[in-house]
Amino acid sequence: MIFRKIQLVILLISFSFVSLAQKKEETRSFFEYQGRIEKMQDNQAILVGAASSVSFDFKGNSCSISLQSLVDHQNYVSLELDGKYIGRIRIEKGDVKSFPIVVSEKKKTHHLAIYKATEAANGGVLFAGTTAKLIKSPAPKTKKKIELIGDSITCGFGNDASTIPCGTGDWYDQHNAYWAYGPVLSRALDLDFVLSSVSGYGMYRNWNDEHLEEPIIPEVYENLYLNKDSSKPYNFKFQPDLVSICLGTNDLSEGDGKKPRLPFNEEKYVSNYIEFIKTVYKHAPNTRIVLLNSPMVSGDRNTTLVNCLKKVIQAFENDTVHKPIALFEFQPMVPKGCGYHPDIADDKVMADQLIPYFKQLLNEK
């Protein structure tokens, strides 16, 4: 009799734990996360990388979201409601703040997506919850996946001067990763995507640093926050069908003209690139890699860049384990954004060039 009572107590305790776990899972399923993010307790999440996002479905026309810039300066997010871009909002430094969402269209249910407009180098943005009446989203359909590795061009640096003109404010006030070429082409092709990009960084040196004081992309790629902090590694659960790499603009740059700048080291660039591709393969062995030149590099420098990329591809020509590495060359561009970077219209031009090519690669057996 005592043994049966003990069994019953254990069963009830087990049932309670299962119920709690189920409730927790049910609550968690209300939110969908994409990109480099750090999940926290109570369904909160830190948006880390450029264009990382959290989205959810809700009932009715009442909704506000709670956000916080986790650094001592402003940050930005872009909002998409029911598949339509509704603007970029500024999150001032300080405590968690509530932002009402204007829902004009009278529908029973809505879908809100919050994208980090700034990049990892600008610090995290905390999504601290919503007042919306959440409903479970339909089971997500299986989509092909793409990762876009790069620098400021991939981040969407300087592409949106709609509220703060170029040359004013802080260097990230014109960031809008939602409209960078990667997210634009991913929406057009209905892909899940991750941006792994840092402004100013290169393959063996950075825009204004000879790899003396700052890390380079290969050194930060495996870290969640794309910085020197290796205590929070990126989990690489996202397995891309295609990885594009657009790095070289900063390696080839002349810097600010004030700090010493050595001539471009072709051998170092190529060798670092080869080793970096091995790192990508380590985490995504079944992916297809595409190397991109730069729309901001032209003339002799572009010839040098493309020749280097061809040498990188040649180093893998006997690789029978992975899919062949491809090369894509952008058409020459005079960018119209801030700091000689693409603006939103330029980003669309870049995306339009890539869309048919990426579509072809993704559909190859």
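**Notes on two cores and a helix pair**

1. Start with the largest nonpolar core, which has 40 residues; those touching the most other members are Ile149, Ile245, Tyr269, Tyr273, Ile277, Ile289 and Leu291. A nonpolar core here is a set of buried Ala, Val, Leu, Ile, Met, Phe, Trp, Tyr and Cys residues joined through side-chain atoms within 4.5 Å, and buried is under 20% relative accessible area (1.4 Å probe, protein chains only).

2. Two or more residues of this core come from each of helix H4 (217–220), strand S14 (242–246), helix H6 (266–283), strand S15 (288–292) and helix H7 (299–314). H6 gives the largest share, 8 residues. Helices (H or I, at least four residues) and strands (E, at least two) are DSSP runs numbered from the N terminus.

3. A word on the source: this is a predicted model, where local features need pLDDT of at least 70, side-chain atom pairs count only at pLDDT 80 or more, and totals for chains, interfaces and linings use all residues. Residues are numbered from 1 along each chain as its sequence is written, and side-chain values use heavy atoms, with hydrogens and water left out.

4. Have a look at Tyr273: setting aside neighbours within four places in sequence, Tyr273 is in contact (heavy atoms within 4.5 Å) with Met203, Ile245, Leu247, Leu291, Leu309 and Val312.

5. Another core, of 32 residues, lies apart from the largest one. Its members include Ile153, Tyr178, Tyr181 and Phe193.

6. Now the helix pair: the contact between H3 and H8 is made by Tyr181, Val184, Leu185 and Ala188 of H3 with Asp347, Met350, Ala351, Leu354, Ile355 and Phe358 of H8.

Note on methods. Buried < 20%, exposed > 50% of the residue type's maximum accessible area, 1.4 Å probe, protein only.
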